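The exercises below concern the contacts between chains and the salt bridges of one structure. Please work through each task before reading the solution that follows it.

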4 protein chains.
Amino acid sequence: MSTAAAPLRIGIAGLGRMGKRHAEQLARRTRGAALLAACSPVADERAWAQGELGVPRVYERYEDLLADAGLDAIAIATPTTLHADQTIGALEAGRHVFCEKPLALDVAACERVLAVASKRPRQVAMVGFVRRFDPSFVQAKADIDAGRLGRPFLVRSQTGDMNDPSGFFVKFAPTSGGIFLDCSVHDIDLARWMLGSPRALRVYATGSIVLHEGLAACGDIDNGLAVIEFEGGARAVLYATRTLPHGHETTCEVIGTAGTVQVGMGAHRDRVQLRDAQGVHHRTLVDFIERFAEAFQHEMDAFVATCRGEIPAPLTLADAAEATRIGVAITRALRSGQVEAV
Amino acid sequence: MSTAAAPLRIGIAGLGRMGKRHAEQLARRTRGAALLAACSPVADERAWAQGELGVPRVYERYEDLLADAGLDAIAIATPTTLHADQTIGALEAGRHVFCEKPLALDVAACERVLAVASKRPRQVAMVGFVRRFDPSFVQAKADIDAGRLGRPFLVRSQTGDMNDPSGFFVKFAPTSGGIFLDCSVHDIDLARWMLGSPRALRVYATGSIVLHEGLAACGDIDNGLAVIEFEGGARAVLYATRTLPHGHETTCEVIGTAGTVQVGMGAHRDRVQLRDAQGVHHRTLVDFIERFAEAFQHEMDAFVATCRGEIPAPLTLADAAEATRIGVAITRALRSGQVEAV
Amino acid sequence: MSTAAAPLRIGIAGLGRMGKRHAEQLARRTRGAALLAACSPVADERAWAQGELGVPRVYERYEDLLADAGLDAIAIATPTTLHADQTIGALEAGRHVFCEKPLALDVAACERVLAVASKRPRQVAMVGFVRRFDPSFVQAKADIDAGRLGRPFLVRSQTGDMNDPSGFFVKFAPTSGGIFLDCSVHDIDLARWMLGSPRALRVYATGSIVLHEGLAACGDIDNGLAVIEFEGGARAVLYATRTLPHGHETTCEVIGTAGTVQVGMGAHRDRVQLRDAQGVHHRTLVDFIERFAEAFQHEMDAFVATCRGEIPAPLTLADAAEATRIGVAITRALRSGQVEAV
Amino acid sequence: MSTAAAPLRIGIAGLGRMGKRHAEQLARRTRGAALLAACSPVADERAWAQGELGVPRVYERYEDLLADAGLDAIAIATPTTLHADQTIGALEAGRHVFCEKPLALDVAACERVLAVASKRPRQVAMVGFVRRFDPSFVQAKADIDAGRLGRPFLVRSQTGDMNDPSGFFVKFAPTSGGIFLDCSVHDIDLARWMLGSPRALRVYATGSIVLHEGLAACGDIDNGLAVIEFEGGARAVLYATRTLPHGHETTCEVIGTAGTVQVGMGAHRDRVQLRDAQGVHHRTLVDFIERFAEAFQHEMDAFVATCRGEIPAPLTLADAAEATRIGVAITRALRSGQVEAV
């Protein structure tokens, strides 16, 4: 591919932790992209985009970003509760859309987005299930597709964040949708991907607050377990935790009749191993930003390449909607204490 | 301890796979023990005990073993359906008893054994939860007791047998009690041990036949998942499989507020690592006999030492009864498809 | 740092394997750099630089690159035999210089470069010992500097290339300086860095041709071992091989009185582990380009930042000269079969 | 094999650390052996053998042990300086002999033993190169013999003892023969075994005292490196250290044209892995007694089985003599600072 072709003109909405990550990616390291606009209600964030990244146009309000006629695509990294409507808005403004996960916290909102998108088949709409772009998960999927596992029938997937004693994330809990929609939605998508997208039939969930009592106010937990029963007999066991003592450890194991594949065990930060009076040890990853640095890059490369028609869409809005549907059912099961239909 | 003290005189019932293992242990490598009698309905097995191990007295019927006045203790390694009654018989004959796991397949039978044992407090009655004697599990438990994990709140435990394409185990399925009572009973006991024996409240289970259709006839499965909800918020996730492609991999992870401990990951057979055109690899364990060779030795050492009054009993009949009670509830949950009270 | 400051204007000489790598880096992913010119005797390579990277000016001859008045710095990735003279040329033309390793194949040439550079202290001259920029080696060095190893006294360092059955590298052998100057020069530099740059006193070497008989014509080998005896008692053992069957495995271990640190063991390509009938395995790295992808990026970032006065020079020409001096002595020891003074 | 056959009647000489280890092995866990006599100049050790192990006959002097007519074999675990003469004595008394390594500290003594043994071909004489009986090293050798490595051409072997701050071993240094004959003799034997017993031509050595200055008095060191050049191009690099901070780590890597095999990397004490605020870590082995517990058992089993004619001798006195010959040359090279002929 020649870079001489006109770059995809992108505007970004949201310049928080994830938004900054994507903005830097788009401004400096995404081939074929030009980050021309940014939108945030926070003046400091707009100033950062202009001064540090050199983004030409900044907006306080999302509507103004949508009204910018010089954009081909919008990347959305705002709070989850805004995702669905902003995605619809961008689609209706004729833009390609990249939206952070999850697409929405309820199934109805997902369906509204799907309805709009279905009428605009030439616009790309992609949700940020970043693990699908991590080289290790890509390799695992390739191993499965190559038949190295025989028939895969069980996924064990974990999203494990290092404990933040300050409990910073507690203040986002009321709008996050709860641990299963905020964290496990990645594992749900991963399980579906690895297993070939079987239909989820029933779910079970349990969990508790182990350290962060502040979560009780919004009915959330800091450690949760869930099981998904898929049609055809496959199963997924999910574990989400915000209290790991040693680092960020996101892992996934797929078990098949002829082999199994594990990704991420050990959470190695680098290739260093120390030996001293305390034994043999290695450092661990700090957070998902560090773990998925390369995946974030590939993800944005893939979005841009899809918009430019160079590759087919790597995942669909229907995938995102299904992940929400299962996540919602798991959250319901957590509350009812019973097995729930999806 | 001097070995000059009179050895514990032991008779063994059952000379199948596990029985042979225990008999060899007692005959050759257990300090302070003398294997003086063996009982099996199979003539070849009795001949083996006499010829190979030099066991002086062999019996065809269990009653005759019990009638042997020259024995202090009985080791029971017969089919599971016989465990409870033979344990009661041995206790009533005034003998110490070691019985393979599980103690029984139903709660009522466990309670009958407990009732008899409670009247004979000076006789040792120990069930073979061999993992409690494995140096690695012992170390993990010591780490927990030393506070290295903070407060443990989640156990993930797996019993994974290498697939036997011949399906040999299928013929034992009708009397094994099903995969959860046959395999996961170890994980149940381990979870209780690691977590400090909290009370189990509810269980969930699911599973399926992945390879061995012959199990359908007796309602059994070859891959099963279960979750135990304990009082106080702790949880255990169990996975039992008879279809691992690569070897025997029995693992356990305990997650606490300050640390986590993992046992058995990787199923290394030895200390050898090979590098060749296929990458970097190591061999895996073949079966639990190989995995727990050292534990079987320590287990029998502990039983003998307990009978001789040298150490306190390392686990109780009540532990064994509780493991059965939970295993029965899990089996019920598998069938009902619902969360079940324990 | 603001990117608003004028970028460093760079020209690159040599567009072979390493040159292409550096050119892409400079064109697309090095903050603060502008790749404005490229020089290669090969027309296809010049066309690639223009068409694919959009480099504005291309030259067939190095003198023309030096004559380009619009350049602040030159990056040299030509054959080793040209390094010294081209570095001198660039310095005398008033440019900063980045030169691939080794600086030269003989000590006299290194000294000529040092003499020129010493008269131009405001120009940066940096040799590409890329391992100094790899996050894992950087962490190991930081561990040493933090005292975690106590006093380091032994380095074991390996450069291991996967066997190329085609023996492609054999044709470069006549001008590479031999395996110790071509490969081990990295390990020599690493050992000096980790040990705090002690003076090398004596060396021993041995080696042989294991697979690539074509090397005999120029006195080279495909597997070599060397030991460096440093003043003060520290030692380094180097192993260079071109015949690894499983992949590229570059490793380094530093042993101290209070701890040891290992880098790179296992040559993991990613975070995936497979289990199947052949055991437990992982894929390995293919080559040093894959292994040091991130380091090449950091290296060029550091060169640019040094030229722009933002950071002090991370390593000196004297380091490069010393690596050559030791490498030459090792090569001499290989031939003499005796311990040689450095 | 039936155990009904008459057991091999064994007497042991030396009841220090290794002697006790062997005596317990022979008394309690070696099938087909009866430990009937023990010899030590230390009254406490004799009392231990009688009281704890129940050894019937104890002697203060070696001559008395040799005069005991009721013995078939002698196991020698005395100080190294006595090995050769005591082995000769036992052979001349008509006994089979197991002797701890090394057979002797000089080549002449080895040759005297060989001369005596050659006249008594029906008596077993075996030197305790225990690593040949370790399951992992046995597996590695089997992999080589099966051709999995192609042609092996390089061995890297390490004997690494955990640092003993008390320097207890320093007092044995004057009679140990130095670090290469005391420690590396194992690695020498291992290298020869793995490489198919090629002839050693030349050696290089270097080393220093890193922590234990007391070794200077007898010309010994606590960290030593050596290289052996074998006929045909194979090489071995040996590292012996008494100052490892983290535990006992004995490792060996064999590199071939089609694969490599590593044994012992990581020095795992058990199957436990801990994760906490310090990262991911595992415990390490304390000493060679712990590392080779199983090998010591197999070694004595093999000696007894050889004496009873059940298996061919697993290694020869000539192997032991060759290991000493190479170890002596290495020690000479350490002192001369030059490459030495073997």
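**Exercise 1.** In which sense, and over how many bridges, do strand E12 (residues 259-263) of chain A and E13(C) pair?

*Solution.* This is a predicted model, in which local features need pLDDT of at least 70 and side-chain atom pairs count only at pLDDT 80 or more, while totals for chains, interfaces and linings use all residues. Residues are numbered from 1 along each chain as its sequence is written, chains are lettered from A and ligands numbered from 1 in the order in which they are written, and side-chain values use heavy atoms, with hydrogens and water left out.

Strands (E, at least two residues) and helices (H or I, at least four) are DSSP runs numbered from the N terminus, and two strands pair if DSSP finds at least two bridges between them. Under that rule, E12 of chain A and E13(C) pair in the antiparallel sense, over five bridges. Within this pairing, Gln262(A) has Gln273(C) as its bridge partner in E13(C).

**Exercise 2.** Describe the interface of chain C and chain A by its contacts, its buried area and its salt bridges.

*Solution.* Start with contact (heavy atoms within 4.5 Å): 36 residues of chain C touch 36 residues of chain A. Next comes buried area, the accessible area (1.4 Å probe) that two parts lose on being put together, summed over both; for these chains it is about 2800 Å², with 38% of it on carbon and sulfur atoms. On the side of chain C, the residues that lose the most area to chain A are Gln262(C), Arg271(C) and Arg275(C), which together account for 24% of what that side buries.

Then count salt bridges (a side-chain nitrogen of Lys or Arg within 4 Å of a carboxyl oxygen of Asp or Glu): there are six between chain C and chain A. A salt bridge joins Asp276(C) to Arg148(A), at 3.6 Å from N to O. The elements of chain C that each supply at least two residues to the side touching chain A are helix H1 (17-29), helix H6 (135-145), strand E12 (259-263) and strand E13 (272-276).

**Exercise 3.** Carry out the corresponding steps for chain D and chain A.

*Solution.* The contact takes 14 residues from each of chain D and chain A, and about 1100 Å² is buried between them, 53% of it on carbon and sulfur atoms. In chain D, His246(D), Arg275(D) and Val280(D) lose the most area to chain A, together 44% of what that side buries.

Two salt bridges are counted between these chains, and Arg275(D) meets Glu249(A) in a salt bridge at 2.7 Å, N to O. Strands E13 (272-276) and E14 (279-282) of chain D give two or more residues to the side that touches chain A, and E14(D) gives the most, with four residues. Finally, strand E14 (residues 279-282) of chain A runs antiparallel to E14(D), joined by three bridges, and Val280(A) stands opposite His282(D).

**Exercise 4.** How far apart along the chain are Asp287(C) and Arg17(C), and how are Glu322(C) and Arg325(C) placed in helix H11?

*Solution.* The closest N and O atoms of the salt bridge between Asp287(C) and Arg17(C) are 2.9 Å apart. This pair links distant parts of the chain, 270 residues apart, with Asp287(C) in the loop between strand E14 (279-282) and helix H9 (288-291), and Arg17(C) in helix H1 of chain C.

Glu322(C) and Arg325(C) also meet in a salt bridge, at 2.8 Å from N to O. Because they are three residues apart in helix H11 (residues 317-336) of chain C, about one helical turn separates them. With buried meaning under 20% relative accessible area, exposed over 50%, and partly exposed in between (1.4 Å probe, protein chains only), Glu322(C) is buried at 15%, whereas Arg325(C) is partly exposed at 25%.
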